[in-house]
Amino acid sequence: MGSGDNWKELFENWPEGMPRQGILITSFQETVPFMDFRISEGILLLQRERPDTLNARKMMVSYESISALKFTDVDDISIYGELGFR
């Protein structure tokens, strides 16, 4: 199982009570703040709250191109247990 599979599994198992937002960092060093997402077999669709410099509000990225995921919420870290963290 490669890192793309791990990211896909994480987004597929996103906790119901956790906001579907964060900041995705791609392998080509793009920082993408998102407020919602949709999953498919090989591609993640992100929706931005504000357009980027090219006026795009949505972005499709392969799971293999995901480098990191950041969260801005102040919820307790225990909610991440639903994503498999212990």
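In what pattern do the helix and strands follow one another along the sequence of the protein chain? Read from start to end, the protein chain runs α-β-β-β-β-β-β.

## About the model

Welcome to this structure. It is a predicted model, in which local features need pLDDT of at least 70 and side-chain atom pairs count only at pLDDT 80 or more, while totals for chains, interfaces and linings use all residues. Residues are numbered from 1 along each chain as its sequence is written, and side-chain values use heavy atoms, with hydrogens and water left out.

## The overall picture

The protein chain has one helix and six strands. Here helices (H or I, at least four residues) and strands (E, at least two) are DSSP runs, numbered from the N terminus. Along its principal axes, the C-alpha trace spans about 40 × 30 × 20 Å. The radius of gyration of the protein chain is 13 Å, which agrees with the value near 12 Å for a compact globule of 86 residues. That radius is taken over C-alpha atoms, and the globule rule is 2.2 Å times the number of residues to the power 0.38.

Of the 86 residues in the protein chain, 31% are buried. A residue is called buried under 20% relative accessible area, exposed over 50%, and partly exposed in between (1.4 Å probe, protein chains only). Contacts (heavy atoms within 4.5 Å) also link distant parts of the sequence: among those with a separation of 6 or more, 43% join residues 24 or more positions apart.

## Surface and charge

The accessible surface of the protein chain comes to about 5900 Å², and 50% of this belongs to carbon and sulfur atoms. Accessible areas come from the Shrake-Rupley method with a 1.4 Å probe; for residues, only the protein chains shown count as cover.

There are 9 positive and 14 negative side chains, and the centres of the two sets lie 6 Å apart. Lys and Arg count as positive and Asp and Glu as negative, while His and the chain ends are not counted. Each charge is placed at NZ of Lys, CZ of Arg, CG of Asp or CD of Glu.

## The helix and its cover

Helix α1 takes in residues 3-12, and its buried residues are Gly4, Trp7, Lys8, Leu10 and Phe11. They sit on the same side of α1 because they cover an arc of only 160° around the axis. The arc is that of the directions from the helix axis to the C-beta atoms. The cover over these buried residues includes β1 (22-26), β2 (31-34), β3 (36-39), β4 (43-47) and β6 (66-70).

Lysine 8 belongs to this helix. Its relative accessible area is 13%, so lysine 8 is buried. Leaving aside residues up to four places away in sequence, lysine 8 touches Ser40, Glu41 and Tyr63.

## Buried residues in the strands

Three strand residues are worth a visit. Leucine 44 is in strand β4 and is buried, with a relative accessible area of 0%. Beyond residues up to four places away in sequence, leucine 44 has contacts that include Phe11, Leu24, Phe37, Met59 and Ile66. Leucine 44 and serine 65 are 21 residues apart in sequence, and their C-alpha atoms are 10.0 Å apart in space.

Methionine 59 lies in strand β5 (residues 58-62) and is buried, with a relative accessible area of 11%. Among the residues touched by methionine 59, not counting those up to four places away in sequence, are Thr26, Phe28, Val32 and Leu44. From methionine 59 to leucine 69 is ten residues in sequence and 15 Å in space, C-alpha to C-alpha. Threonine 26, in strand β1, has 0% relative accessibility and therefore counts as buried. Outside residues up to four places away in sequence, threonine 26 touches Val32, Met59, Val61, Ser65 and Ser67.

## Two loop residues

Which loop holds glutamine 29? Glutamine 29 is in the loop between β1 and β2. Its phi is near 65°, a positive value in a residue other than glycine. With a relative accessible area of 63%, glutamine 29 is exposed.

Asparagine 55 is found in the loop between β4 and β5. This residue is not a glycine, although its phi is positive at about 75°. Asparagine 55 is exposed, with a relative accessible area of 61%.
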